[in-house]
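The following report goes through one model by topic, with confidence, strands, helix packing and backbone geometry each taken in turn. Please keep the sequence and the structure in view while reading.

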Amino acid sequence: MIVEREFGTDDLAKVYVGRMGDHLIEFIESVQPPFSRLEKWVLVLSCMIGCPVRCLMCDAGQQCFGVLSKEQIFAQIDFMVRRRYPNGVVPAKKFKIQFTRMGEPVFNPAVLDVLEELPARYDAPGLIPSFSTIAPKHDRGYFAKLTDIKNRLYANGKFQMQFSIHTTDEAMRDRLIPIRKKSFGEIAEFGGRFFRASDRKITLNFIVMENYPIDPSVIRAYFDPAIFIVKLTPLNPTHAARESGLTTMIDTGDVSPVAPLVEKLTQYGFESIVSIGEAGENQIGSNCGQYTMVKERRAEEMALSLTRDSVQWSHANTRCHPNQTIRKGVEREEHFQGGAPENS
């Protein structure tokens, strides 16, 4: 892997763009102010080249070119670990490794191989893998293997399991995540098999959006508060979310809109977390669902569109006197320099 670009800052988050053959992937390291890197260090990996799921809010699902190998996943970890800790000793009290930048991990068996080898590969007492999934319907034994690995290697709260649910309306969930998924009942049944008393509770993640209901009574009808915890997050500013017409109900500066929901979850016995990242990560492009290459590609498409539009405008006026066509073309160019055309 060749790292071609990087974005961000060391004191918050960095996005790395790595070349794997003919394709680019992204991976991230971040801290969580006010905590230092010694207190909490998070790595976010790609497990696929793109993603086939095409969630409405995710920029990484625009295209997919397959899965990454175990070695390609480890290459991402090695790059970030070795540049800060060349001897492979990671002193962070909490060292989280997530598999959520690009791809659905259940579609890649190599993620299981990485989880098998992680504890022996680095000297990292604070290691906590974080596995987030949309729960594909047919996992071909993947979740059973994941359960075995967790029990053998990551007991006593050293593993974080999360299901991305986002709404309790099954039809709207299908719209957001347009593939066949496990039902709430199937997820709850798996949770009962997966969870042990010393484990972290399994997270049910909901992006809080307008028109996508989150009903605590539905959650309680399926999920045991002794096993599951609810996380509420904002909709991050992605191109896909904007084009899909999705609107967040949580602002980085105001969480009051979800206070009644948190209270109701408490009444149904659920612990809940309102998880809001640093606003600066939105600008960097390191938050969940964002993909910096999409931002760059959209800028290139916009520039190409403006160039094509200018050429088409000029062609449309070729019936005019040549000098007039040139003059109007110059006027339009100057208009672009000062802002969008009046009729755009």
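Which residues does Leu-115 touch, not counting residues up to four places away in sequence?

## The nonpolar core around Leu-115

In this predicted model, Leu-115 touches Phe-99, Pro-129, Phe-131, Leu-146, Ile-149, Leu-153, Tyr-154 and Phe-159, when residues up to four places away in sequence are not counted. Leu-115 is also among the residues with the most contacts inside the largest nonpolar core, a group that further holds Trp-41, Ile-77, Phe-95, Leu-118, Met-161 and Phe-163. That core has 83 residues, and α2 gives the most to it, with six residues.

## Confidence

The chain has a mean pLDDT of 84, and 80% of its residues reach 70 or more. Residues 297-344 need separate treatment, since pLDDT stays under 50 throughout this stretch, for which the model has 22 contacts beyond four places in sequence.

## Helix α3 and its buried side

Helix α3 comprises 12 residues, 142-153, and spans 16 Å from its first C-alpha to its last, which is close to the 16 Å expected at 1.5 Å a residue. Tyr-142, Phe-143, Leu-146, Thr-147, Ile-149 and Lys-150 are the residues buried in α3. Because these residues cover an arc of only 165° around the axis, they lie on the same side of α3.

The buried residues of α3 pack against two helices, α2 (110-121) and α5 (184-194), and against two strands, β8 (127-133) and β9 (160-164). Lys-150, one of the buried residues of α3, is in contact with Arg-196, as is Asn-151, once the neighbours of Arg-196 within four places in sequence are left aside. Arg-196 itself is placed in the loop between α5 and β10 (202-207), and it counts as partly exposed because its relative accessibility is 45%. The C-alpha atom of Arg-196 is separated by 8.6 Å from that of Asn-156, although the two residues are 40 residues apart along the chain.

## The strands β1, β2 and β3

Strand β2 (residues 13-20) is mostly covered, with seven of its eight residues buried, and it pairs with both β1 and β3. Strand β1 (residues 2-8) runs antiparallel to β2 and is joined to it by six bridges, with Glu-6 standing opposite Tyr-16 of β2; the hairpin between these two strands passes through four residues.

The pairing of β2 with β3 (residues 23-30) is likewise antiparallel and extends over eight bridges, and here Ala-13 stands opposite Ser-30 of β3. Two residues lie between the strands in this hairpin, where Gly-21 takes a positive phi near 65°.

## Backbone geometry in the loops

Most residues other than glycine have a negative phi, and most peptide bonds are trans. Against that background, Arg-54 has a positive phi of about 65° although it is not a glycine, and Arg-140, also a residue other than glycine, has a positive phi near 55°. Arg-54 lies in the loop between β5 (48-50) and β6 (64-67) and is partly exposed, because its relative accessible area is 48%. Arg-140 belongs to the loop between β8 and α3 and is exposed, because its relative accessible area is 74%.

A cis peptide bond, with omega of about 10°, joins Pro-33 and Pro-34. Pro-34 is located in the loop between β3 and β4 (40-44).

Terms used. Residues numbered from 1 in each chain as written. Predicted model: local features only at pLDDT ≥ 70, side-chain atom pairs only at ≥ 80, totals over all residues. Heavy atoms only, no water. pLDDT = per-residue confidence, 0-100. Contact = heavy atoms within 4.5 Å. Expected span 1.5 Å × (residues − 1). Buried < 20%, exposed > 50% of the residue type's maximum accessible area, 1.4 Å probe, protein only. Arc of directions from axis to C-beta. Pairing = 2+ DSSP bridges. Core = buried A, V, L, I, M, F, W, Y, C linked by side-chain atoms within 4.5 Å.
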